[in-house]
Amino acid sequence: MKSILALSATLATATAFVAPQAGSTAPALKAAKDDLVAIAEKANPIVKFWDPLGCTSMDFYGWDEEKTIGFLRQSEIKHGRVAMFAFVGYIVQSNFHFPWAQTLAGDMHPSIDLSPEAQWDAVPANAKWQIFFVISMLEMWDECGGGAAMPHYTNGRQPGKYPPFDAFRDDVHFVFDLYDPFGFNKKMSDETKERRLVAEINNGRLAMLGIFGFLCADTIPGSVPALSGIAIPYEGNPMIPFEGQFSYF
């Protein structure tokens, strides 16, 4: 399950971080905030836009507010996607045992009698490093805009839009794009795209609560009464993915 919680890749480009031209900041900032408020109202018509800490008015890392908003929106969508993978992965690992070997030595996957957290602890360190490496490559590809195919998400790219692998296909070898690899959604209407974006944000928020509900139920007995009957106690630390295998300290 924790194997889903990391990503990064290659080819950073300076063009992805070019500052906006003078004179365009104020209108762009207003548009970014208006878009954020509009999405918030559609995602939750009762709470609507809620920013008690004023994060959308801050300048993260010395950026202006427009870049900060882009960073925050990208972060929420990405965290939501990771949480959805983790939530589904937790359920699968709790109920289904993969019948094939996990390692070249023939070792089988951990038993479902173990909690998903304990199953992750039982994965060999080398296998974990492979998972983290692939995830890191994907994350880097996102950060560099797919080899400059897209601007950085703090510089005008639509938050949550993952770059295509065109440059990788041209220079290395064929690989499918992560989103819509067969082009089924190319003619999707703007209304449908907007509706699906709102649904993805809401599903991601719910998944973030759900996966942490599972983790809390397993590590803090009785903390989630609704899960007390199915939680499997776990004495390790789910925030230390290489516990007992690797440490900087």
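Here a trainee and a mentor talk through how the features of this predicted model get their labels.

Trainee: Before anything else, how confident is the predictor in this chain?

Mentor: The chain averages a pLDDT of 86, and 87% of the residues score at least 70. By element, helix 7 (residues 190-219) has the highest mean, 95, and helix 1 (residues 25-43) the lowest, 79.

Trainee: And what about residues 1-24?

Mentor: Over that stretch the pLDDT is below 50, although residues 1-24 have 68 contacts in the model beyond near neighbours in sequence. Where pLDDT is low, the predicted coordinates should not be read in detail. I'd leave those contacts alone.

Trainee: What makes up the fold, helices or strands?

Mentor: There are seven helices and zero strands, so the pattern along the sequence is simply α-α-α-α-α-α-α. Of the 249 residues, 31% are buried. Among contacts between residues at least 6 apart in sequence, 60% join residues at least 24 apart.

Trainee: On to the rings. Why is the pair Phe174 and Phe176 called edge-to-face?

Mentor: Two checks. Their centres are 5.1 Å apart, and the limit for a pair is 6.5 Å. Their planes sit at 80°, and over 60 counts as edge-to-face. Both checks pass, so edge-to-face is the label.

Trainee: Why do Phe182 and Phe184 get a different word, then?

Mentor: Their centres, 5.8 Å apart, still fall within the limit, so they pair. The planes are at 35°, which is neither under 30 nor over 60, so the pair is tilted.

Trainee: How do you know whether Phe174 and Phe176 are buried or exposed?

Mentor: Phe174 has 56% relative accessibility; exposed means over 50%, so Phe174 qualifies. Phe176 comes in at 45%, between the 20% and 50% cut-offs, so partly exposed is the call. Phe182 and Phe184 are both exposed.

Trainee: How many aromatic pairs turn up overall, and which residues form a cluster?

Mentor: The whole structure has 18 aromatic pairs. Phe60, Tyr61, Trp63 and Phe71 form one aromatic cluster.

Trainee: What makes the space beside Glu76 and Gly204 a cavity?

Mentor: A cavity is a place where a 1.4 Å probe fits but cannot get out. The search finds one of 30 Å³ or more, with a volume of about 30 Å³. Its lining is Glu76, Ile77, Gly80, Arg81, Met84, Glu200, Ile201 and Gly204. Helix 2 (65-95) and helix 7 each give two or more of these residues, and helix 2 has the largest share, five.

Trainee: Why does that lining count as having two polar residues?

Mentor: Glycine is classed as polar, so Gly80 and Gly204 are the two. The remainder splits into three nonpolar and three charged residues.

Trainee: Which residues lie nearest the centre of the largest pocket?

Mentor: Arg81, Gly160, Lys161, Tyr162 and Tyr179, out of 38 lining residues. That pocket holds about 1500 Å³ of space, and its lining divides into 20 nonpolar, five polar and 13 charged residues.

Trainee: What about the second largest pocket, which residues are closest to its centre?

Mentor: About 740 Å³ of space lies there, and of its 25 lining residues the closest to the centre are Leu36, Trp50, Asp51, Glu76 and Arg205. Helix 2 gives the most to the lining, seven residues. By class the lining has 15 nonpolar, five polar and five charged residues.

Definitions and conventions:
Residues numbered from 1 in each chain as written. Predicted model: local features only at pLDDT ≥ 70, side-chain atom pairs only at ≥ 80, totals over all residues. Heavy atoms only, no water. pLDDT = per-residue confidence, 0-100. Helix = DSSP H or I, 4+ residues; strand = E, 2+ residues; numbered from the N terminus. Contact = heavy atoms within 4.5 Å. 1 Å grid on protein atoms, 1.4 Å probe; cavity = no way out; pocket = protein on both sides within 12 Å on 5 of 7 lines; lining within 4 Å. Points joined across faces, edges and corners; volume = space filled by probe spheres on them. Phe/Tyr/Trp six-rings, centres within 6.5 Å; stacked < 30°, edge-to-face > 60°. Buried < 20%, exposed > 50% of the residue type's maximum accessible area, 1.4 Å probe, protein only.
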